[in-house]
Structures are given as structure tokens and as C-alpha cells.
Amino acid sequence: MNSKPFDNGTEVLLHACCAPCSSAIVEWMMNNGVKPTIFYYNPNIYPFEEYNIRKNESKRHAESLGIRWIDGDYRHDDWLTCVKGLEGEPERGQRCLQCFRMRLLETARKAQELNITWFTTTLASSRWKNIEQINNAGHYAETLVPNTQFWAQNWRKGGLQERRNQLLREYQFYNQQYCGCEFSQRNAQERKVNNEKDPAPQDTQTT
């Protein structure tokens, strides 16, 4: 884990993609003198029923800890406009970068509105995401929104991935099976079909 670039007690706006990914990060923050406020802004998630399940789990987690939780607007049509022309991009491609930029720009705007200087994101906790794209999006957002700073943190380190899995079981969180958008859902379904057609050998570890 990198050290935090601010004093104990500093409030940070945490963009949260879901409860499982935010749980260990929030715990680490609270144990290390950081005051997290969760901002749930994920207009990429599809369908709306899936979005609501993930949103309610995130809110349940925040309420259990007594921390502030803010609901961002869904506006999936705006997200589709943002990634128009990139629908066929692979995971970790340009569609993902555009998605990250949209979500972190809105996070920076919310931080400015709340007079919170620092913001960060749980997206950097997933091994399925390109951390360079996430940092690119965060720094892009801070340059457009005055008086905000992006906390570029690799949340995969320091045992947080293992702790995430423990907390997932303890809270009995809903654990989604795809990133969120209809395009990642399609890719996940294609991978599942391909695996069923050509299953991995019994002695081969897959990730």
C-alpha cells in the first residue's frame, strides 16, 4: 500500500463501484485515519435491476458502518452516448477508458460540491481493470475540476484482495458475475459459452 498524501482525519470521496470492492478499502481507510464518504455513481451498469441490487448492497454496507453514502444519478442513456462508437471494444480497451473518465469526472464534481479535496475509486481494486486507465481518468478529472485531487492508489495490494473476499462472505454480499455494462455482460456470456465448449483440463488452474 502507498502512504496517504494527507493528514489523519482527512475526508475522502470514494467512488464505489459495488459493496464487495469497497468493503476492504473502507475498512483500511477507517483504520488509517481517513474519513470515507461513499459516492455510488455507476451509470454503466445494465440492466436497471442489476444496478439497483448493487446500489442497495452498497448503501447497506455504508449504513452498517455509519458512514455517509451518496447516490449518483443513473442516466444510462448519457453513458451510452459517452461510449458511442466503442461498443465493440474489448475489455480494458478505449470504451473502458471513456467509462472511467465519465464516472471519475462526476466524482470530482461531487467532491467539489461537497468541499472535499481528495477523491479516489474502488475501480483500482479489480484485477480485471487497467490501473493505468483508471489513473489516467482520475488525473483527467482533477485537471477539469478546480480544488480537487485524485488519490491514485493501487487497492489490490496489502492483502486487501484477500480481505475483500472475507468481507464478501461475512456480509453475504451479492457478488456480480460481470463488470456492469451490457457489453461486458456479453463478453462474460461469450467466455462462459467458450469454456463450456472447451473446458479447461482438470489439473489446469484458471483465473
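**Group meeting: cavities, sheet and pocket**

Hi everyone, let me begin with a small space inside the protein. By class, the lining of the second largest cavity has five nonpolar residues, two polar ones and one charged residue. Its volume is about 30 Å³. If you want to find it on the screen, look for Cys-21, Ala-24, Ile-25, Ser-125, Trp-155, Leu-160, Gln-161 and Arg-164, which line this second largest cavity. Helix 1, residues 19-31, and helix 6 are the elements that give two or more residues to that lining. Please keep in mind throughout that this is a predicted model.

How many cavities of 30 Å³ or more does a search of the whole structure find? The search finds two. The largest cavity holds about 70 Å³ of space. Its lining is made of Asn-44, Trp-79, Glu-91, Arg-95, Cys-96, Cys-99, Phe-100, Arg-103, Lys-129, Cys-179, Cys-181 and Ser-184. Sorted by class, the lining of the largest cavity has six nonpolar, two polar and four charged residues. Which helix gives the most to this lining? That is helix 4, with five residues.

Now let's step back to the overall layout. The protein chain has seven helices and five strands. Starting from the N terminus, the elements go β-α-β-α-β-α-α-β-α-β-α-α. The chain has 207 residues, and 48% of them count as buried. Take the contacts between residues at least 6 apart in sequence: 77% of these join residues at least 24 apart. As for the outside, the accessible surface is about 10,800 Å², with 44% of that belonging to carbon and sulfur atoms.

On to the sheet. The five strands form an open sheet in the order 3-2-1-4-5, and the pairing is parallel. Why is one side of strand 3 and of strand 5 left without a neighbour in the sheet? Strand 3 (69-71) and strand 5 (149-150) stand at the edges and each has a single partner strand, so one side of each has no neighbour there.

Let's follow strand 4 for a moment. Strand 1, residues 10-15, and strand 4, residues 118-121, run parallel and are joined by four bridges. Within this pairing, Leu-14 has Thr-120 as its bridge partner in strand 4, and His-15 stands opposite Thr-121. Strand 4 also runs parallel to strand 5, and two bridges join them. There, Trp-118 has Gln-149 of strand 5 as its bridge partner. Are the residues of strand 4 that point either way buried or exposed? Trp-118 and Thr-120 point one way, Phe-119 and Thr-121 point the other way, and all are buried.

Last stop, the largest pocket. About 920 Å³ of space lies in it. There are 33 lining residues, and the closest to the centre of the pocket are Ser-126, Trp-128, Gln-177, Tyr-178 and Cys-179. Three elements give two or more residues to the lining: helix 4 (94-113), helix 6 (160-171) and helix 7 (182-197). Helix 7 has the largest share, with five residues. By class, the pocket lining divides into eleven nonpolar, 14 polar and eight charged residues.

One link to take back to your own screens: Cys-179 is among the residues closest to the centre of the largest pocket, and Cys-179 also appears in the lining of the largest cavity. Thanks for listening, and I'm happy to rotate the model for anyone who wants another look.

Note on methods: Residues numbered from 1 in each chain as written. Predicted model: local features only at pLDDT ≥ 70, side-chain atom pairs only at ≥ 80, totals over all residues. Heavy atoms only, no water. Buried < 20%, exposed > 50% of the residue type's maximum accessible area, 1.4 Å probe, protein only. Contact = heavy atoms within 4.5 Å. Areas by Shrake-Rupley, 256 points an atom, 1.4 Å probe, with all protein chains shown as cover. 1 Å grid on protein atoms, 1.4 Å probe; cavity = no way out; pocket = protein on both sides within 12 Å on 5 of 7 lines; lining within 4 Å. Points joined across faces, edges and corners; volume = space filled by probe spheres on them. Nonpolar A, V, L, I, M, F, W, Y, C, P; charged D, E, K, R; others polar. Pairing = 2+ DSSP bridges.
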